[in-house]
Amino acid sequence: MIEKNNPINTITRAGAFQRALIAFIITLCFVAPALSSDPPPLRGLREVDNMCVKLQGGFWGPRLKTASEVTIPHALNSLEKDGHVTNFDKAAGIAEGTASGHAAFDSDLYKALEGAMYCLQNKPDKALGKRADGILDRILAAQQKDGFLVAYFILREQKYRWERLRTMHQMYNAGHYFEMAVEHHKVTGETKVLNSAIRFADHIDGIFGPNKRYDVDGHQEIELALVKLYRATGKRKYLDLARFFLDERGHAHGFERKPFDLRTPVKTPPYEKDLPERAKRLRARCRQRNGRAQDHRPIVEEKLAVGHAVRAGYMYAAMADIVRFSDAPEYDRVLGHLWKDVVGRKMYITGSVGTAQYHDEGFGDPYLLPNRTYCESCANIAHVLWQYRMALLQGDAKYADVMELALYNGAISGISIAGNSFFYQNPLSSKGGRRSTWIGLSCCPTNLARIIPQVGGLAYARDKKSIYVNLYVAGQASIVLDGTAVKLAQKTDYPWNGRVRLTVTPPKASEFNICLRIPGWARGKPVPGDLYRFGDTNVPPAGLKINGQAADAAPKTDGYLHLKRTWKGGDIVELDLPMPVKRVYAHEKVKADAGKTALMRGPIVYCLEAVDHPEADLSRIVLPPKANLQTEHREKLLGGVTVIQGQALVDGKSVKMTAVPYYAWANRDRGAMEVWVNESPAKAPAPKKQKTSRGEIK
Ligand code: FUB
Ligand code: ZN
């Protein structure tokens, strides 16, 4: 497999003397696909695809290298070992035996392959390309004549392919297949996988929809994937099907659409009548608790974020896409309520979500945010993907603020610095955690394998006349504005300091806007809303220079600094976002954080680890309000991090306190960890142990 479609790779390989030619190629690369099959949104901003961004050096460059050299190969090895790939061989009839694992096994493989595609978009890698291609051929061989492709059902329950949708993840598998297929097509230009995805999507479209069968999957994912498929093919029916699956939630589904009525009796489907009693009870509980799958009332009537946090995140992401690509003001309104509920009442300072209070891997009650919590890696990743789409939809920096917070903290805490071990849960307080090298239910490892290599695609946005810089990431981008490709190079050590140098190279001098996000933390707020606040809201103002001349760095009310001018090749923008250490306090209704503070610097949330405090019990450490805090960058620690140090107290005695980035915890000796630190000796009551659906959190 070759990465022939990647324009950035083309740029890198070519010599400087070819610049004019490259500009031409870039224009062709970007304008052609945009005109043929990627319909522009009706509202909001457009993406700058991962294909058009190359992250190099800085924070993400080494992480991308780890993703392609360690995480993806490790994931593929583990998936092969656990039978995810041989399931397809069996389904194709070239190996013997029945399906291994659970019904969602296919999706894990698709996510790891999707991660491989993002890696290839960033950098050609023959070996990885070849390996992925080999696996893809084995998947393709299993596809049924009518397009159906779920190994578990092909092997075990052909008759019941589209039954038990609440629990069996048929469409969840399909969605992950579509997402991967679209990325495969982008990077290879080949159509074999995309065509297979289209056949599967057409098969589904033939069964579900208005005047066909009215039903939905228990685990949302296919909705956002169908939007991607619509954009890759230009076929409107996939967008309509995505909308159908969203609109259909909350109705008494089955074979006809019923008006929403909570009292509608839940019937046991005939094929479940022979199940053992326990399984019957479980299924019934699943059906009754449809809030778990956001299926308890129609979306347009929803005001609160409830239920399984991964399903919610993917669903909200799809809703934002639907607003952008079709006319759906009612979804826009609902998204406004949901966003306020999550960001204003149900989110941790790490940007993580999902307390699993109701044993459903889901959202809990407002302000009930215990620090020994669940916060599944997948939920935090889904949250990033939702906020990314909100940023595109609304063009307001506050959404990218939350995306950044969740990305740098709650999402990447799920993976070790070495890239080969993973957390399923991401608590903010622990007696000692260790990431697992693999998890049989590998939704989280494979989600981590796909989120890191797609960070380039989250960094920018555009409209006809503006480039939006949402993430400060070292590397290059090629951004099409009104038919012209502008090259943008970023140099930065962000998030370790806030200095960013941008070199702007349009093919010829032209007028457009560059909109730089001035993060909330640089404007005195750790998050939009009042769930968390800085103790000291004064932040030194951002500095800005254009071609060495100081310029006004005040953002507009949308949180962006709008730089409108005639840009010419080699123009340089220097942004300086001062990054003092900040103490964060939670809203008084968050009882778990009463009397405590968290430390934040830039977008990074810190924690204390036992390994840095061998003499002290972390829960007894008190950081007095006036304690002086210093920072030091340590290149050799935890892959290179800035630590925060100061004098704290333990039982009245002074001790040295060292805080490290939360995402980097549990990469050294196993021991306790706390994000929230006491500010006074009066301790908050010990958090209650919580049981979750995946066992007890210690
Ligand atoms: O069910 C598929 C995935 O497994 C979910 O998204 C995770 O929460 C885990 O239950
Ligand atoms: Zn997961």
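This report describes two sheets, the surroundings of a ligand, aromatic pairs and some unusual backbone positions in a predicted model.

Residues are numbered from 1 along each chain as its sequence is written, while chains are lettered from A and ligands numbered from 1 in the order in which they are written. In this predicted model local features need pLDDT of at least 70, side-chain atom pairs count only at pLDDT 80 or more, totals for chains, interfaces and linings use all residues, and side-chain values use heavy atoms, with hydrogens and water left out.

**The two sheets**

Helices (H or I, at least four residues) and strands (E, at least two) are DSSP runs, numbered from the N terminus. Two strands are said to pair if DSSP finds at least two bridges between them.

One open sheet consists of 5 strands in the order S1-S4-S5-S9-S13, with mixed pairing. Its edge strands, each pairing on one side only, are S1 (46-47) and S13 (560-567). Within this sheet, S4 (residues 460-463) and S5 (residues 466-469) run antiparallel and are joined by 4 bridges; Arg462 stands opposite Ile467 in S5. Ile467 is buried (under 20% relative accessible area; exposed means over 50%, and partly exposed lies in between, with a 1.4 Å probe and protein chains only), its own value being 0%. The C-alpha atoms of Ile467 and Ile479 are separated by 7.6 Å, although these residues stand 12 residues apart along the chain.

A further open sheet has 7 strands in the order S2-S6-S7-S8-S14-S11-S12, and its pairing is antiparallel. Here the edge strands are S2 (53-55) and S12 (549-550), each of which pairs on one side only. S7 (residues 484-492) and S8 (residues 499-505) pair over 6 bridges in the antiparallel sense, and Lys491 has Arg501 in S8 as its bridge partner. The peptide bond from Tyr494 to Pro495 is cis, with omega near 10°; Pro495 lies in the loop between S7 and S8.

Strand S11 (residues 543-546) has a covered face, made up of Leu544 and Ile546, and an uncovered one with Gly543 and Lys545. S11 is joined to the antiparallel strand S14 (residues 571-576) by 4 bridges and to the antiparallel strand S12 by 2 bridges. Lys545 stands opposite Glu574 in S14 and opposite Ala550 in S12. S11 and S12 form a hairpin with 2 residues between them, and Asn547 in the turn has a positive phi of about 50°.

**The surroundings of ligand 1**

A residue is near a molecule if one of its heavy atoms lies within 4 Å of it. There are 11 residues around ligand 1, of which His169, His219, His308, Glu361 and Glu376 come nearest. The shell has 5 nonpolar, 3 polar and 3 charged residues by class; Ala, Val, Leu, Ile, Met, Phe, Trp, Tyr, Cys and Pro count as nonpolar, Asp, Glu, Lys and Arg as charged, and the others, Gly among them, as polar.

The table lists polar contacts, that is, pairs of N or O atoms within 3.5 Å.

| Residue | Partner | Distance |
|---|---|---|
| His308, polar side-chain atom | oxygen atom of ligand 1 | 2.9 Å |
| Glu361, side-chain N or O atom | oxygen atom of ligand 1 | 3.0 Å |
| Glu376, polar side-chain atom | oxygen atom of ligand 1 | 2.7 Å |

The protein covers 94% of the 280 Å² of accessible area that ligand 1 has on its own, as computed by the Shrake-Rupley method with a 1.4 Å probe.

His169, one of the nearest residues, has a positive phi of about 60° although it is not a glycine. His169 is placed in the loop between helix H8 (165-168) and helix H9 (170-188), and is buried at 17% relative accessible area. Asp651, also not a glycine, has a positive phi near 50°. Asp651 lies in the loop between strand S20 (641-650) and strand S21 (653-661) and is exposed, with a relative accessible area of 58%.

**Aromatic pairs**

Rings of Phe, Tyr and Trp (its six-membered ring) pair if their centres lie within 6.5 Å; planes under 30 degrees apart count as stacked, over 60 as edge-to-face and the rest as tilted. The structure holds 27 such pairs. Tyr214 and Phe244 form a tilted pair, 5.8 Å centre to centre and with 50° between the planes. This pair links distant parts of the chain, 30 residues apart: Tyr214 is in the loop between helix H10 (192-207) and helix H11 (222-233), and Phe244 is in helix H12 (residues 236-248). Tyr214 is buried at 14% relative accessibility, and Phe244 is buried at 9%. Ring pairs also link Phe59, Trp60, Tyr408, Tyr472, Tyr494, Trp496, Trp521 and Tyr663 into a cluster.

Conventions: A polar contact is a pair of N or O atoms within 3.5 Å; within protein, one must be able to donate a hydrogen and the other to accept it, and residues adjacent in sequence count only if both atoms are side-chain atoms.
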